[in-house]
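Trainee: I'd like a close look at one part of this protein, the place where the metal ions sit. Could you walk me through that part and then show me how the rest of the chain is arranged around it?

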Amino acid sequence: MDEIKRRLAAAQKATGDAGLEALLVAPGADLRYLTGYQALPLERLTCLVLPAEGDPFLVVPLLEQAAAQASPAGALDIEITGFGETDDAYELIARRLPPRTRRFAVDNHMWAEKLLAFQAALPDAQAGLAGDVLLELRMRKSPQEVEALRRAAAAIDRVHRRIGEWLIPGRTEAEVAKDIADGILAAGHTTVDFVIVGSGPNGASPHHEVSDRVIRSGDPVVVDIGGTTPDGYCSDSTRTYAVGEPPAAFRELYEVLLRAQTAQTEAVRPGLTAEELDAVGRDIITGAGYGEHFIHRTGHGIGMETHEEPYIVAGSARPLEPGMAFSVEPGIYLPGRFGARIEDIAVCTETGGERLNLTGRDLVVLPG
Ligand code: ZN
Ligand code: ZN
């Protein structure tokens with residue numbers, strides 16, 4: 001609870017520093033980060049109002065008031081106001097903002113219809129994105145958050161250790177994925193966020209998800225999986241398996257990828273920029289002749305959302321800082337043939353980096 005109070009206070013200060021009069025935060029990761037309340041995203045408005053000065057308050061539909069009160073937000077000692085079915089919640093909030101409010105910001109995922117309603121209720125004010133303010137807080141994880149990410153990583157590692165039970169020639173990707181999804185829940189996640197099982201040529205499409213393709217002996221298979229744990233933190237890890245002995249060309253490609261991903265996870269340290277970390281792996285892959293087949297950035301930040309700041313990408317001069325958590329997931333994709341990706345979550349520490357996913361990275365050849 002102290003941690004959430006610290007976040008609210010920091011966000012309030014950042015709001016003032018950004019020259020905003022208030023942040024308006026609807027259900028989603030930002031609301032959960034700031035209040036602990038995992039609110040239902042409904043057509044009715046639920047909104048945290050965080051003024052730069054004065055007390056924050058939560059506006060919820062009357063029928064959600066008990067749920068909001070029972071959530072961690074109820075213990076925060078902030079006002080939770082319910083509105084009735086015929087009340088105008090936008091007007092209600094506009095009236096309570098500081099007089100002559102000129103600039104407010106909404107969370108980046110607020111539904112467009114809600115933003116438009118706020119703009120109509122505040123015709124003289126300019127709207128911006130709260131993400132610009134909140135990303136500075138959310139991308140630097142506290143020790144408690146790093147611990148939560150460690151637990152999430154351990155949970156998805158448990159699923160990867162069981163892949164051999166399900167990834168068997170003769171089964172379809174969809175059948176394997178169904179078992180993996182059950183395994184993700186059994187390992188301690190509350191939701192399955194994604195399951196990618198890309199076998200053979202399907203592995204060359206980074207976000208393939210699944211199909212009815214039957215897995216055959218000799219197939220390399222990209223398995224990229226993640227979920228959300230009960231405390232709201234996300235897991236995300238990729239391993240590429242071979243079902244039976246894969247083609248020699250695949251082994252060659254995998255060795256290059258493993259070298260790149262290992263070098264990148266070992267390179268993590270404060271002060272290195274996001275683009276420098278991206279280049280560490282890209283240079284190795286390019287040097288081996290696969291440069292044109294590494295078609296995405298190296299990674300993304302992770303926390304209460306699977307994809308958040310900081311992005312590990314060319315063009316980002318953002319220096320890594322202690323507490324930043326992100327994926328390191330280079331991949332090599334040969335269209336029509338096969339692909340491979342290795343993905344771990346890493347955290348930047350005071351002295352270097354910590355890898356949170358701890359399953360082996362050598363190619364696992366399952367019985368084919
Ligand atoms: Zn992934
Ligand atoms: Zn990822």
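Mentor: Here is a walk through the metal site, followed by its neighbouring strands and then the wider chain. Keep in mind that this is a predicted model.

Let's start with the zinc ion (ligand 1). Its protein donors come from Asp224, which gives two OD atoms, together with Asp236 (OD) and Glu343 (OE), and they lie 2.0 to 2.5 Å from the ion. Look along the sequence and you'll find these donor residues spaced D-x11-D-x106-E. So what do the angles look like? Among the four donor atoms they run from 56 to 148°, and the site is irregular. To count as tetrahedral, four donors would need all their angles between 85 and 135 degrees. For comparison, the ideal angle for four tetrahedral donors is 109.5 degrees.

Now move to the zinc ion (ligand 2). Here the coordinating atoms belong to Asp236 (OD), His300 (NE2), Glu329 (OE) and Glu343 (OE), at 2.0 to 2.2 Å. The angles among these four donor atoms span 82 to 161°, and this site is irregular too. Along the chain the donors follow the pattern D-x63-H-x28-E-x13-E. The site ties together distant parts of the chain: aspartate 236 is in the loop between β8 and β9, glutamate 329 is in the loop between β12 and β13, and 93 residues separate the pair.

How far apart are the zinc ion (ligand 1) and the zinc ion (ligand 2), and which aspartate coordinates both? They are 3.0 Å apart, and aspartate 236 is the residue that coordinates both. Another long link goes from aspartate 224 in strand β8 to glutamate 343 in the loop between β14 and β15, with the two positions 119 residues apart.

Are these donors buried or exposed? Buried means under 20% relative accessible area. Aspartate 224 counts as buried because its relative accessibility is 4%. Aspartate 236 has 2%, so this residue is buried. Glutamate 329 is at 9% and therefore counts as buried. Glutamate 343 is buried as well, with a relative accessible area of 0%.

Next, have a look at the strands by the two glutamates. Glutamate 329 sits in the loop leading between β12 and β13, and strand β13 covers residues 331–334. Both faces of β13 are covered: Gly331 and Tyr333 are buried on one side, and Ile332 and Leu334 are buried on the other. Strand β13 runs antiparallel to β14 (residues 338–341), and four bridges join the two. One of the partnerships to find on your screen is leucine 334 with phenylalanine 338 in β14. The hairpin made by β13 and β14 has three residues between the strands, and there glycine 336 takes a positive phi near 80°.

Let's zoom out to the whole chain. It is divided into domain 1 (2–138) and domain 2 (143–366). Their C-alpha centres lie 35 Å apart, and ten residues of domain 1 are in contact with eleven residues of domain 2. The largest nonpolar core has 38 residues, and the members touching the most others are Leu23, Leu31, Leu34, Tyr37, Leu48 and Leu58. That core draws at least three residues from each domain. For one of its members, leucine 58, the residues touched include Leu31, Tyr37, Leu48, Ile78 and Ile80. There is also a second, separate core of 22 residues, with Cys47, Val49, Leu97 and Ala125 among them.

Helix α6 is worth a stop too. Its buried residues include Val133, Leu134 and Leu135, and among the elements covering the buried residues of α6 are α1, β1, α2 and β11. Strand β11 also holds proline 310, and the peptide bond from glutamate 309 to proline 310 is cis, with omega near 0°.

Finally, a couple of backbone oddities. Most residues other than glycine have a negative phi, and most peptide bonds are trans. Aspartate 77, though not a glycine, has a positive phi of about 70°. You'll find aspartate 77 in the loop between α3 and β4, and it counts as exposed because its relative accessibility is 70%. Arginine 100 has a positive phi as well, near 55°. Its place is in the loop between α4 and β5, and arginine 100 is exposed, with a relative accessible area of 66%.

Terms used:
Residues numbered from 1 in each chain as written. Chains lettered and ligands numbered in written order. Predicted model: local features only at pLDDT ≥ 70, side-chain atom pairs only at ≥ 80, totals over all residues. Heavy atoms only, no water. Buried < 20%, exposed > 50% of the residue type's maximum accessible area, 1.4 Å probe, protein only. Pairing = 2+ DSSP bridges. Donors = N, O, S within 2.8 Å, 3.2 Å for Na, K, Ca; no water. Tetrahedral: all angles 85-135°; square planar, octahedral: opposite > 155°, others 65-115°. Core = buried A, V, L, I, M, F, W, Y, C linked by side-chain atoms within 4.5 Å. Domains from an automatic or database assignment. Contact = heavy atoms within 4.5 Å. Lists of a residue's contacts leave out its neighbours within four places in sequence.
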